[in-house]
Amino acid sequence: MSFIEWLPEYETGFEEIDAQHRSLIKILNDLHSMLYEEKTGREELKKVINFLNEYIVEHFSTEENLMKNAPAFPPDFFEKHLKEHRYFIDRIQEFTGLFENGSLSTKELVKLFEFLGNWFCGHILRIDKDTATLLKK
Ligand SMILES: [Fe+2]
């Protein structure tokens, strides 16, 4: 069973963003299974780390370009959103560093799992949803 099941209410209505958010939920569920089944070998971890490094480039640029190109998008909200992305990028880079020097322990993986779970509730379901509402205006 998945840790988080994707629900229609999680959608922003922007197809590309929703597909990217779903892929993050998939990796969160994968990480949950890996921890639960104690399958946290280097190959499995590499998949997760690679995914997250692509996500911080592709997904954030999708969202940021939409905001940038929306004529009446509030600049302060844009800045707030960007700040959260920068924070996520910093954290992912920290976890990537741990992976690269071979010290991404189970304890750190649990932290990554919690971080992604909090990101889902605190960012995707809040600021991304509010952004979508503003973009549709
Ligand atoms: Fe976002």
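**Helix packing exercises**

α1 passes α4 in a left-handed crossing (the near helix is turned anticlockwise from the far one by less than a right angle; helices are DSSP runs of H or I, at least four residues, numbered from the N terminus). The model is predicted, with local features needing pLDDT of at least 70 and side-chain atom pairs 80 or more, while totals for chains, interfaces and linings use all residues. Residues are numbered from 1 along each chain as its sequence is written.

**Exercise 1.** Classify the packing of α1 and α4 from the angle and distance of their axes.

*Solution.* Step 1: the axes, lines fitted to C-alpha atoms over the stretch in contact, with angles from 0 to 180 degrees between N-to-C directions, are 10 Å apart at about 155°. Step 2: angles over 145 degrees count as roughly antiparallel, so α1 is roughly antiparallel to α4. Step 3: the contact (C-beta atoms, placed from the backbone, within 7 Å) includes I17, H21 and I25 of α1 and F120, I124 and D128 of α4.

**Exercise 2.** Do the same for α2 and α3.

*Solution.* Step 1: their axes come within 10 Å and cross at roughly 165°. Step 2: α2 and α3 are therefore roughly antiparallel to each other. Step 3: the crossing of α2 past α3 is left-handed. Step 4: among the residues that meet are L45, I49 and L52 in α2 and F95, T96 and F99 in α3.

**Exercise 3.** Which residues does F99 contact, leaving aside neighbours within four places in sequence?

*Solution.* Step 1: set those neighbours aside. Step 2: L45, I49 and L104 are in contact with F99.

Note on methods:
Two residues are in contact if their C-beta atoms, placed from the backbone, lie within 7 Å. Helices (H or I, at least four residues) and strands (E, at least two) are DSSP runs, numbered from the N terminus. Angles under 35 degrees count as roughly parallel, over 145 as roughly antiparallel, 65 to 115 as roughly perpendicular and the rest as oblique.
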